[in-house]
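Here are my notes on the model you sent, set out as numbered points. Please read them with the coordinates open.

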Amino acid sequence: MSENGDRNVPGKGLLDGLAVTLKTLTRRSGTQQYPDVQPDLPPRSRGVIALSEENCTVCMLCARECPDWCIYIDSHKEEVVVPGAARARQRNVLDRFDIDFSLCMYCGICIEVCPFDALHWTPEFEYAETDVLSLLHDKTRLGEWMRTVPPPPAHDVLGEPSKEEATAARKAAGPGAATAAKTARPATVRPPRAETTEDGK
Ligand code: SF4
Ligand code: SF4
């Protein structure tokens with residue numbers, strides 16, 4: 001029978017509906033009892049963005065790459081006198097760093113492009129507001145989220161040592177050990193080999 005013919009059978013729709021009801025009746029409910037029960041979110045959930053102000057060099061990459069144009073940055077230049085240098089140096093000082101979470105689409109591009117690890121995801125998500133203007137978080141508020149950023153994953157013990165570790169190892173070993181220290185890896189405990197018989201089994 002064709003699909004249209006099926007629809008014309010009296011009571012067919014009701015029976016189909018009851019079949020779906022019976023099928024879902026035995027399944028476990030997926031209802032989350034939030035806010036009485038906090039959801040068990042993965043630690044790397046995209047809740048809110050945190051700013052580590054001391055890492056920000058005001059390079060503007062995040063603001064330029066943000067597809068929603070919802071990052072607002074202002075800064076000024078300051079002279080820094082370096083003892084022994086011929087001229088004073090200049091550095092950028094951050095005056096304003098705001099993210100408008102009423103526009104943000106949580107794509108994470110700003111975090112990906114930041115070359116100085118100044119932006120981080122945190123799983124905190126309870127910052128709903130009754131006034132949409134309050135979703136503009138300034139640098140103080142973005143900085144406060146830093147305490148909720150999960151710690152980075154542990155280093156891979158079999159991975160290459162970082163540049164800093166290699167340099168420290170080279171200095172500790174003294175002159176002559178530079179080449180060896182460059183290729184040094186952290187000590188690892190390897191599992192004992194399985195004993196083999198003469199025929200290799
Ligand atoms: S997550 Fe995406 S939309 Fe939100 S501020 Fe960053 S770049 Fe812009
Ligand atoms: S990309 Fe990073 S360092 Fe550059 S302005 Fe944005 S937060 Fe600051």
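1. Cys104 sits in the loop that leads from β3 to α4, and in this predicted model that residue counts as buried because 20 C-beta neighbours lie inside 10 Å. Once residues up to four places away in sequence are set aside, Cys104 touches Asp68, Cys70 and Ile99.

2. Which positions does UniProt group with Cys104 under "binding site"? The unreviewed entry places that feature at Cys66, Cys104, Cys107 and Cys110. Although these positions span 45 residues in sequence, no two of their C-alpha atoms are more than 10.5 Å apart, so they gather at one spot.

3. Cys66, another member of that group, belongs to the loop between α3 and β2. Cys66 counts as buried because it has 20 C-beta neighbours inside 10 Å, and, not counting residues up to four places away in sequence, it touches Ile71, Ile109 and Cys110. One of these contacts, Cys110, is itself listed in the record's group.

4. The surroundings of ligand 1 fit with this picture. There are 13 residues around ligand 1, and the closest are Cys66, Cys104, Cys107, Ile109 and Cys110, a set that includes the four cysteines which the UniProt entry lists together. By type, the shell of ligand 1 divides into 11 nonpolar residues, 1 polar and 1 charged.

5. A second "binding site" feature, likewise from an unreviewed UniProt entry, lists Cys56, Cys59, Cys62 and Cys114. These positions are spread over 59 residues of sequence, yet they cluster in space, with a largest C-alpha distance of 10.5 Å.

6. Is Cys56 buried or exposed? Cys56 is buried, because 20 other C-beta atoms lie within 10 Å, and its place is in the loop between β1 and α3, the latter covering residues 61–65. Leaving aside neighbours within four places in sequence, Cys56 is in contact with Leu51, Leu94, Phe97, Phe116 and Ala118.

7. Cys114 lies in the loop between α4 (109–113) and β4, and it also counts as buried, with 20 C-beta neighbours inside 10 Å. Beyond neighbours within four places in sequence, the contacts of Cys114 are Leu61, Cys62 and Leu119; of these, Cys62 is listed with Cys114 in the UniProt feature.

8. What residue types make up the shell around ligand 2? That shell divides into 12 nonpolar residues, 1 polar and no charged. Of the 13 residues around ligand 2, those that come nearest are Cys56, Cys59, Cys62, Cys114 and Ala118, and Ala118 is also among the contacts of Cys56.

9. Strand β1 (residues 48–51) is covered on both faces, with Val48 and Ala50 buried on one side and Ile49 and Leu51 buried on the other. β1 pairs with strand β4 (residues 119–122) in the antiparallel sense over 4 bridges, and within that pair Ala50 stands opposite His120 in β4.

10. A separate point concerns the open sheet of 3 strands, whose order is β2-β3-β5 and whose pairing is antiparallel. The edge strands, each pairing on one side only, are β2 (71–80) and β5 (136–137). Between β2 and strand β3 (residues 89–100), which run antiparallel, there are 10 bridges, and Asp74 stands opposite Arg96 in β3.

11. Helix α2 (residues 12–25) deserves a check of its geometry. At 1.5 Å a residue, its 14 residues should span 20 Å, and its end C-alpha atoms are 20 Å apart, which agrees. How many of the 14 residues of α2 are buried? The count is 0, and α2 is accordingly hardly covered.

12. For the protein as a whole, the secondary structure comes to 7 helices and 5 strands, and these follow one another along the sequence in the pattern α-α-β-α-β-β-α-β-β-α-α-α. Buried residues make up 10% of the 201 residues; Cys56, Cys66, Cys104 and Cys114 are among the buried ones. Of the contacts between residues at least 6 apart in sequence, 68% join residues at least 24 apart.

Conventions. Residues are numbered from 1 along each chain as its sequence is written. Chains are lettered from A and ligands numbered from 1 in the order in which they are written. This is a predicted model: local features need pLDDT of at least 70, side-chain atom pairs count only at pLDDT 80 or more; totals for chains, interfaces and linings use all residues. A residue is near a molecule or strand if its C-beta atom, placed from the backbone, lies within 6 Å of it. Ala, Val, Leu, Ile, Met, Phe, Trp, Tyr, Cys and Pro count as nonpolar, Asp, Glu, Lys and Arg as charged, and the others, Gly among them, as polar. Two strands pair if DSSP finds at least two bridges between them. Helices (H or I, at least four residues) and strands (E, at least two) are DSSP runs, numbered from the N terminus. A residue is buried if 20 or more other C-beta atoms lie within 10 Å of its own, exposed if 12 or fewer, and partly exposed in between; C-beta atoms are placed from the backbone. Two residues are in contact if their C-beta atoms, placed from the backbone, lie within 7 Å. UniProt positions are given in the numbering used here, feature names are shortened, and annotations may be inferred rather than shown by experiment. The expected span of a helix is 1.5 Å times one less than its number of residues.
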